[in-house]
Structure formats: structure tokens, C-alpha cells
Amino acid sequence: MFSNPTCLIFGKDTIKRIGKEIKKRGVKNVLVLYGSGSIFKNGVYDAAVKSLKDNEVGFVQLGGIKPNPVLSKVYEGIKTAMKEKTDGILAIGGGSVIDTAKAIAAGIGYDGDVWDLFEGKAPVKTNVPIFTILTISATGSEMNNGAVITNEGENKKWSIGSPDLFPKASIIDPSVQFSLPWNQTANGAVDAITHVLELYFDKTENNMIMDEYSHAIVKTVLKSTDLLMKNPSDYDARANLALSATLALNKTNSVGRQGGDWSSHWIEHSLSAFYDVAHGAGLAIVMPAWMDYVYAECIHKWVVFAESIFGITAGTPDEKAKAGIAELRKFYKKIQQPTKLSEINVPYEDLPKIAANASMKGKIGNIKRLDQNDILNILKLAY
Ligand code: NZQ
Ligand code: ZN
């Protein structure tokens, strides 16, 4: 079954359409969420507020959502929404702001502590409509039904998902991403590539259309990121990267597959939970190390990956697979991402603690089921 109800509005000068999208769904008063203030510098806030006012949509605002968003902010948002009697949420920002919006919506729909939902103690249900204006392409949260929040008291970076959490409408104007610092553009590119590969490297066979779709997304991200390194204001490159990131995790890429592997994400979320690492940077370190550890379990798929993405034609299957992984690392280095845990100052003696955190819910992964010891081995390879 494939279903994605989010209305995606994509292109230059589209932010002005947000007010109409909200109004036509009968929403009268939104909670506007944002991060640390980039939206005030690049004109996004002004354009959004003008559109709300033009369409007589009322709003209250709550800023200060940080990357790797935290549970305390979710509680604050639930309180504000209840007090101000808002009937919808508009998230303006990246995955962190959008995920906070989803968690607030989930919390409003639940008579108890919202963290229960992350612990799986109750199903996520809400009728609070979510709208987004995306300002950084990375997570796909603008067009999916997941949210990741850190319980900062317990070092748990966990997720929720529900059909009710798909945004009603999301706006992507790629030109607002001209203002991104380079490392954020690169983090987003790594996240998009990793989403594709998490889904690609599972045990599904003969799903040629989705494999070729995956190759197309990854190749587009590689090429667009290259172009943006030379010219961060290249609109077409921004637009190609943006659409790729959305398609990487809006469920299209899951069609006919078995749900993907997701080990690299589990491990990275534990890194972020302890050290506040940017999600993409953590993935640039973890996924190639995970590949080193598991590729032999499904070598023919790594051969196709190496051939199709990086044009590697020479060598034995083992040599080709290794060359593909090496090319991925090389690309991450080229775009100035870290590829080793030692580069981001994670203490070596902390590795067992990270492995324990990542296996708190049991074994992870699909290509190879990984226990705590496997995860520790991967972390050592990543060091
Ligand atoms: O806070 P502001 O001022 O907005 O600055 C942000 C933030 O510092 C900045 N930024 C965003 N747009 C900008 C801009 N700066 C200048 N110009 C712009 N146009 O970028 C920084 C990072 O923002 P953030 O929202 O944290 O980035 P991202 O979209 O990568 O989100 C990462 C979070 O999403 C989670 C990650 O784990 C992480 O917590 N994920 C969510 C997923 C989902 N919901 O489906 C899946 C992912 O795998 C991921 O786990
Ligand atoms: Zn991700």
C-alpha cells in the first residue's frame, strides 16, 4: 500500500501561498514554530506572516527550537497551543522544527505524557493539522509521517510515526536555502543519500524500478551538491537537491521493499543523543563503517551500488563493493563532512555506552541483525 496525503508546493516564490492553504482547510489560528532565527534574516518569516495576514489566519509564535530538538520544547509547545487555543501548527524551518510540530500535535491528541508515545505505550493519534515551510532539505519530514525527538533527561533520541502526522501541505522554495551555511547543505545531502541507502540495502530482490529510482536520487544528490560547493546560489542545483531529499524519505522509495535496514540511523541517533552531533555529520561517519561491517552479507547489492552510482567496472565482486564504499567516503570528505568519530571528539572509552544506547530496544537492522557487540564493532571501525 502506498499513500501520501501531503500536498507539496514546490518552486520559487511559493511561500506566499501558505495562508491560503491553511485557510482553505478551515484552520483559523496557528502556532508558528521556528528555530534560532535564520528565518528572520532571509525573509522567510516576513513572507509567511504576510501570507497569514492576507488570508486572515491568526497566529502565535514559539521560537528557539534547536537542532536535535528536545522534549522540553515539545512540552512548552503543547502548553502554548492549549493556552492560546490554536487549531493548527505551522512549522517554519528544517526537520527539527517540523518534528517538534509533529510531536506537539501528537501530544495535544493524547491525554498523558507525550513521551509515552515514543515509548510505544499508546498509539499516536491527532487531528491537529500540520503545515510546513521547509528551509533546509535533508530529512523528508516535510512529506512524511515520522518525528524524532530527544528526551534530554534520559539520552534517548527516539521516534514516533502515524498516518495523522503527515503535514497537510508543505512549501519548498529552494531559493530560501541560499542562506544555508555550507556544513548544513552538506549535512542535508548526506541525510538524503543515507535515507535512500537505508531503504536500498535490505533483502528485497528484483525490485528494479525502485533500485533505479534510488540510483537516480543518489546521483542527483552527488551532482547537485558538487555544483552547490562551487556556487551555493545555483537555483537549479538547490531545487534538484531539495526534491531529491524529499523523495528520499516520503515513502515513494519504500514501495515494494521490506522497510529498509535503518541500523545507521539507530546508531547515529545515539551519537546525537549524547554529543549533539548534527544528524547528517553523524551519518557520514556511521554509514560507511556499517557498510564495511555488513557488505559481505549481500555483496551482489553492493556491486550494483558501486557500478550504478560510481561507475566502477573493474575488479572482483569484493573489490567492487569495497571501491563503492571508498567512493562514498571520498565524496563525504570532499564535501567537508567528518568520516571518523575521532574527528568529532567522541571519547574512545564512550563507545560501549553508545552501543548500549543504540541497542536499548533490542537488535537492529535487516541486512544483518546487529546486537550490542556488533554495534560496538561498527563504532570501532568508525573511530
Ligand atoms: O534554527 P535555525 O535558525 O532555523 O537554523 C537552522 C539550524 O541551525 C539552520 N537553517 C535551516 N534553514 C536555514 C538555516 N540556516 C540558514 N538558512 C536557512 N535557510 O540549519 C540548522 C539545522 O536545522 P535542522 O532543522 O536541525 O536540520 P535538519 O533538517 O537536518 O533536521 C535534523 C533533525 O531531523 C531529524 C534528525 O535526527 C535531526 O534531529 N530527522 C528527522 C526525520 C524525519 N522526521 O523523518 C528523519 C531523519 O532521518 C532525521 O532523523
Ligand atoms: Zn536521517
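Where is Q336 found? Q336 sits in the loop between α13 (317-334) and α14 (351-358). Keep in mind as you look at this spot, and at everything below, that this is a predicted model.

**Two residues with positive phi**

Q336 has a phi near 70°, which is a positive value in a residue other than glycine. How much of Q336 is accessible, in relative terms? The figure is 57%, and Q336 counts as exposed because the cut-off for that label is over 50%.

K251 is another one to look at: its phi is positive, about 90°, although K251 is not a glycine. You'll find K251 in the loop between α9 (235-248) and α10. With a relative accessible area of 34%, K251 is partly exposed.

**What surrounds ligand 1**

Now over to the ligand. There are 33 residues around ligand 1, and those that come nearest are S36, G95, S96, K157 and H195. Sorted by type, the shell divides into 10 nonpolar, 20 polar and 3 charged residues.

Three polar contacts are worth clicking on, and here they are side by side.

| Atom of ligand 1 | Protein partner | Distance |
|---|---|---|
| oxygen | polar backbone atom of G37 | 3.1 Å |
| nitrogen | polar backbone atom of G146 | 3.1 Å |
| oxygen | N or O atom in the side chain of H195 | 2.8 Å |

How much of ligand 1 does the protein bury? Taken alone, ligand 1 exposes 970 Å², and the protein buries 90% of that. The elements giving two or more residues to the shell are α5 (95-108), β6 (146-151), α7 (182-200) and α10 (263-275). H195, then, is one of the residues that come nearest to ligand 1, and its side chain also makes a contact with a ligand oxygen at 2.8 Å.

**Aromatic rings**

If you like rings, there's plenty here: the count comes to 14 aromatic pairs. One of them joins F40 and Y45, a tilted pair with 4.6 Å centre to centre and 50° between the planes. F40 is partly exposed, at a relative accessible area of 39%, whereas Y45 counts as buried at 13%. Y45 gets that label because buried means under 20%.

Then there's W115 with W158, which are stacked: 6.2 Å centre to centre and 20° between the planes. This pair links distant parts of the chain, with W115 in helix α6 (residues 115-118) and W158 in strand β7 (residues 156-161), 43 residues apart. Are these two tryptophans buried or exposed? Both W115 and W158 are buried.

W158 has a charged partner too. The charged end of K361 sits over the ring of W158, 4.0 Å from its centre. A similar arrangement turns up at F274, where the charged end of K353 sits over the ring at 4.4 Å from its centre.

Which residues do ring pairs link into a cluster? They are Y200, F201, W290, W302, F305 and F310.

**N4 and its backbone partners**

Back to the start of the chain. N4 is found in the segment before β1 (7-10), and N4 is buried, with a relative accessible area of 18%. That value earns the label because it falls under 20%. What does the N4 side chain reach? One partner is the backbone oxygen of M143, at 2.9 Å. Another is the backbone oxygen of N250, at 3.0 Å.

**Two helix residues and their distances**

Finally, a couple of residues to try your distance tool on. K53 is found in helix α3 (residues 44-54) and counts as exposed at 57% relative accessibility. K53 and G19 are 34 residues apart in sequence, and their C-alpha atoms are 7.5 Å apart in space.

E84 is in helix α4 (residues 71-84). At 33% relative accessibility, E84 counts as partly exposed. From E84 to P167 the separation is 83 residues in sequence and 21 Å in space, C-alpha to C-alpha.

Notes
Residues numbered from 1 in each chain as written. Chains lettered and ligands numbered in written order. Predicted model: local features only at pLDDT ≥ 70, side-chain atom pairs only at ≥ 80, totals over all residues. Heavy atoms only, no water. Phe/Tyr/Trp six-rings, centres within 6.5 Å; stacked < 30°, edge-to-face > 60°. Buried < 20%, exposed > 50% of the residue type's maximum accessible area, 1.4 Å probe, protein only. Helix = DSSP H or I, 4+ residues; strand = E, 2+ residues; numbered from the N terminus. Lys NZ or Arg CZ within 6 Å of the ring centre and 35° of its normal. Near = heavy atom within 4 Å. Polar contact = N/O pair within 3.5 Å; in protein donor to acceptor, adjacent residues only side chain to side chain. Areas by Shrake-Rupley, 256 points an atom, 1.4 Å probe, with all protein chains shown as cover. Nonpolar A, V, L, I, M, F, W, Y, C, P; charged D, E, K, R; others polar.
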